[in-house]
Structure formats: C-alpha cells, structure tokens
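Trainee: I should like to study this structure with you, one question at a time. May we begin?

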Amino acid sequence: MKNVILSADGDYKVYSVPDKVSDDLEKYCLEFEKWLYTSPEGEKYYLKQYGMFAYDESDFIEWLNKYKFPNQASFFVENLGNICWKDIPERCKEYPDFNF
C-alpha cells in the first residue's frame with residue numbers, strides 16, 4: 001500500500017491505496033469517472049434536479065474497495081486541510097495526487 005493525495009475542490013486528503021492504484025492514479029480515477037457515467041450503479045451519484053453527477057474522493061475509495069480491490073482495502077490516513085498545493089507538508093510532496 002502507498003499513500004496518495006485526493007481532493008474534490010476542498011481539503012487535501014491522504015489515503016492509503018494498493019500499489020497499482022498509486023503507480024497509475026490518474027488511470028484509476030478516470031476509470032472511476034467513466035464508470036459513474038456508464039454503470040447502473042453510478043446512478044446514485046446523479047442529481048436529477050441539477051442534471052449532473054456529484055461525487056468526491058470518498059466515493060472513489062468506496063469504488064476501489066467494492067469493485068477493483070475488495071481484498072486490499074484502501075483507507076483514509078489524514079486530512080491535510082483546505083490548503084494550497086505549495087503548502088503540502090514536505091513529507092507528502094512526493095505522493096501522487098488527483099483532484100476530482
């Protein structure tokens with residue numbers, strides 16, 4: 001397991017994910033977004049009254065745990081807060097990141 005930084009235009013959050021996900025984070029995040037639009041299970045994220053999908057990093061982690069890596073659960077590590085990228089702690093700067 002490796003750490004990554006995920007956000008959805010808010011707090012930067014560190015999650016521990018399978019190595020494969022960390023090594024190719026953008027691929028998995030984009031696959032999740034495609035899944036939302038094409039899978040019947042993605043309907044729960046669709047807000048009909050607004051005509052749009054709404055989701056965040058916790059939904060991505062749920063998807064990883066349920067559909068992609070059920071035997072290697074990803075989990076929350078820490079919230080870095082609503083900070084600028086330049087303010088990411090030095091110990092976290094090498095983590096792959098993705099903003100939904």
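Trainee: Does Asp9 count as buried or exposed, and at what relative accessibility?

Mentor: This is a predicted model, in which local features need pLDDT of at least 70, side-chain atom pairs count only at pLDDT 80 or more, and totals for chains, interfaces and linings use all residues. Residues are numbered from 1 along each chain as its sequence is written, and side-chain values use heavy atoms, leaving out hydrogens and water. Buried means under 20% relative accessible area, exposed over 50%, and partly exposed in between (1.4 Å probe, protein chains only). Asp9 therefore counts as exposed, at 68% relative accessibility.

Trainee: Where does Asp9 lie?

Mentor: Helices (H or I, at least four residues) and strands (E, at least two) are DSSP runs, numbered from the N terminus. Asp9 is found in the loop between β1 and β2.

Trainee: How are α2 and α3 oriented at their packing?

Mentor: Axes are lines fitted to C-alpha atoms, for helices over the stretch in contact, and angles run from 0 to 180 degrees between N-to-C directions. The angle between α2 and α3 is about 90 degrees, and their axes are 11 Å apart. Angles under 35 degrees count as roughly parallel, over 145 as roughly antiparallel, 65 to 115 as roughly perpendicular and the rest as oblique. Therefore α2 is, relative to α3, roughly perpendicular.

Trainee: Which residues of α3 make the contact with α2?

Mentor: Contact means heavy atoms within 4.5 Å. From α2, the contact involves Leu25, Tyr28, Cys29, Glu31, Phe32 and Trp35. From α3, the residues are Asp59, Phe60, Trp63, Leu64, Tyr67 and Lys68.

Trainee: In which helix is Tyr37 found?

Mentor: Tyr37 counts as exposed, at 54% relative accessibility. Its helix spans residues 25-38 and is α2.
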